[in-house]
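Colleague: I would like a close look at one part of this model, the sheet and what packs around it. Could you take me through that part slowly, one step after another?

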Amino acid sequence: MKCSEFKECVCEIVDKRLPEEQTNELMQHAQVCPHCNFEFTSMQATKTIVGEKLHRQSVPSEVYYSIINATLDSADGSWFRKLFGFKLNPAIALVAFAFIAVGIYSMFVPQKRGMPEEANIISQSLKNYQAVISGSIKPQLISTEDAVRTFLAKEVGFDVNVPKMKGCSSCSGVLSDFNGIKLAHVVYKVDEKNIIYIYQASMDDAMDGSTIGLPEEAREELKRTDWYVRELTDKTTIVIWRYKNTLCSAVSGMDKDQMIALLTDKELK
Ligand SMILES: [Zn+2]
């Protein structure tokens, strides 16, 4: 099966509109194809947000983060089990996030003409970071930095940046495709409690702005200084920078100084 066939049907699968046999056939492909699996997972997560947010109240973001932090701190076992095995209802987490994201987004990223929000790299990075934490994006490979880089670089046409990070206890990679543009995602666990998520795309795609792009302010700052750093509310920090021909967009719950210190460690430059 071709990925294009899967993509044509992904909405129908999520909405359960296809005959069982066809669904099974398509899902068999998704099980072996990381791109299509990601497509399916994110589509399903989106449906959950859209379906649920009409009926539920959002929780205050402090509550949301304290639940996540408490869960991360208390659980035993591998950090992925901590991340993905916890009891927080993912629908609630996603709804909470949908509200937080809208808040963050409208505060820091004034709507610019043309570009739809889903194409905004900042918005995608924040959404993916939350999806990693809530478990709706699962790692395709958990390994050493070098192995993760090799795994990701095989599929994308840009240099993938998987720096060795001080205090890192786990590193993993995920591939995806956004409207034909290949994306690489790297997730670190640092110092047992912090998650750093790095979204990576070709700099040309990011600057071209037709499929993915940045708000004017971020674009200009990145062009001028090669960096864009914002501490958002809820202790979420986003750092965007250029690495060779690659745009990297890192999100974590650390503060700005902590995060920049990690990201500017010599390996990264
Ligand atoms: Zn596929």
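Modeller: In this predicted model, seven strands form an open sheet whose order is 1-2-3-4-7-6-5, and the pairing is antiparallel. At the edges stand strand 1 (141-143) and strand 5 (227-231), and because each has a single partner strand, one side of each is left without a neighbour in the sheet. From one strand to the next, the twist averages 20°.

Moving inward to one pair, strand 4 (residues 194-202) and strand 7 (residues 246-252) are joined in the antiparallel sense over seven bridges, and within this pairing I198 has A250 of strand 7 as its bridge partner. Helix 7 (residues 121-134) lies across both of these strands as well as strand 3 (181-190) and strand 6 (237-243), and it runs at about 140° to strand 4. Helix 8 (residues 145-153) also packs on the sheet, where it touches strand 1, strand 2 (168-178) and strand 3, and its direction makes about 5° with that of strand 2.

In soluble globular proteins, nonpolar side chains tend to be buried together. The largest nonpolar core here has 50 residues, and those touching the most other members are V132, V186, Y197, I240 and A250, while helix 7 gives the most to this core, with seven residues. If we set aside the neighbours of I240 within four places in sequence, the contacts of I240 are A218, L222, Y228, L247, C248 and S249. A second core, separate from the largest one, has five residues, among them F6, L26, C36 and F40.

Terms used:
Residues numbered from 1 in each chain as written. Predicted model: local features only at pLDDT ≥ 70, side-chain atom pairs only at ≥ 80, totals over all residues. Pairing = 2+ DSSP bridges. Helix = DSSP H or I, 4+ residues; strand = E, 2+ residues; numbered from the N terminus. Axes fitted to C-alpha atoms, helices over the stretch in contact; angles between N-to-C directions. Contact = placed C-beta atoms within 7 Å. Core = buried A, V, L, I, M, F, W, Y, C linked by C-beta atoms within 7 Å. Buried ≥ 20, exposed ≤ 12 C-beta atoms within 10 Å, placed from the backbone.
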